[in-house]
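The following exchange asks how terms applied to a protein model are justified. Each reply sets a value against the criterion behind the term.

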Amino acid sequence: YDECAQKLQEDSFRVASFEGDEIRGTIDADEDSILFLSLLKESGWSIYVDGDKVEKLSSVDSTFTGAQVAAGHHDIVLKYKTPYGNIGIILTITGLILFGIIIVARRRKQKHGN
């Protein structure tokens, strides 16, 4: 058991930095394998291996995220972007503008109605 655990630690992802929505680190894989990340499989995560975006993320245990990596040393970057975040911002701004227009229109109506 100790040998297996030590082997897993040698081939594990080592985090170098964790800032905001980005995690950077390295991995040294003895053979082609799957990088297992204890991140829930959901949209928003992007994985970059040696600067190249992994287009097809793997599902690990049907719940977690993973990516195939070839044998050797690799620089890994994980980035998270809130799904539909830009659309949410646009809808919020649009709603605030419409709310402002309604307020101005009501005030003008009240001013001219009295």
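Q: What makes the contact between the side chains of R14 and D28 a salt bridge?
A: In this predicted model, a nitrogen of R14 and an oxygen of D28 are 2.5 Å apart. The criterion is a side-chain nitrogen of Lys or Arg within 4 Å of a carboxyl oxygen of Asp or Glu, and the pair therefore qualifies as a salt bridge.

Q: Which parts does the pair of R14 and D28 tie together?
A: R14 belongs to strand β1 (residues 14-19) and D28 to strand β2 (residues 22-29), so the salt bridge ties together parts that are 14 residues apart in sequence.

Q: Why are R14 and D28 called partly exposed?
A: The relative accessible area of R14 is 33%, and that of D28 is 30%. Buried requires under 20% and exposed over 50%, so a value in between is called partly exposed.

Q: How many salt bridges does a search of the whole structure find, and what makes the contact of R24 with E22 one of them?
A: The search finds two. The side chains of R24 and E22 meet at 2.7 Å, N to O, and the limit is 4 Å, so this pair also satisfies the definition. R24 has a relative accessible area of 38% and E22 one of 22%; both are partly exposed.

Q: How do you know that β2 and β8 are paired strands, and in which sense do they pair?
A: Pairing requires at least two bridges. Between β2 and strand β8 (residues 72-80) there are eight, in the antiparallel sense. R24 stands opposite V77 in β8.

Q: Why are β1 and β5 said to stand at the edges of the sheet?
A: The open, antiparallel sheet has five strands in the order β1-β2-β8-β4-β5. β1 and β5 (52-53) each have a single partner strand, so one side of each is left without a neighbour in the sheet.

Q: Which residues touch the most other members of the largest nonpolar core?
A: Of its 15 residues, these are F13, L35, L37, I47, I76 and L78. Elements that give two or more residues to this core include β3 (33-40), β4 (45-49) and β7 (64-69).

Q: What makes I93 eligible for a nonpolar surface patch?
A: A patch residue needs over 30% relative accessible area, and I93 has 46%, so I93 passes that cut-off. I93 lies in helix α2 (residues 85-113) and forms the patch with I89, I97, L98 and I101, with about 480 Å² of accessible area together.

Conventions. Residues are numbered from 1 along each chain as its sequence is written. This is a predicted model: local features need pLDDT of at least 70, side-chain atom pairs count only at pLDDT 80 or more; totals for chains, interfaces and linings use all residues. Side-chain values use heavy atoms; hydrogens and water are left out. Helices (H or I, at least four residues) and strands (E, at least two) are DSSP runs, numbered from the N terminus. Buried means under 20% relative accessible area, exposed over 50%, partly exposed in between (1.4 Å probe, protein chains only). A nonpolar core is a set of buried Ala, Val, Leu, Ile, Met, Phe, Trp, Tyr and Cys residues joined through side-chain atoms within 4.5 Å. Patches are made of residues with over 30% relative accessible area and no salt bridge: like charges are joined within 9 Å, nonpolar side chains (Val, Leu, Ile, Met, Phe, Trp, Tyr) within 5 Å. Accessible areas come from the Shrake-Rupley method with a 1.4 Å probe; for residues, only the protein chains shown count as cover.
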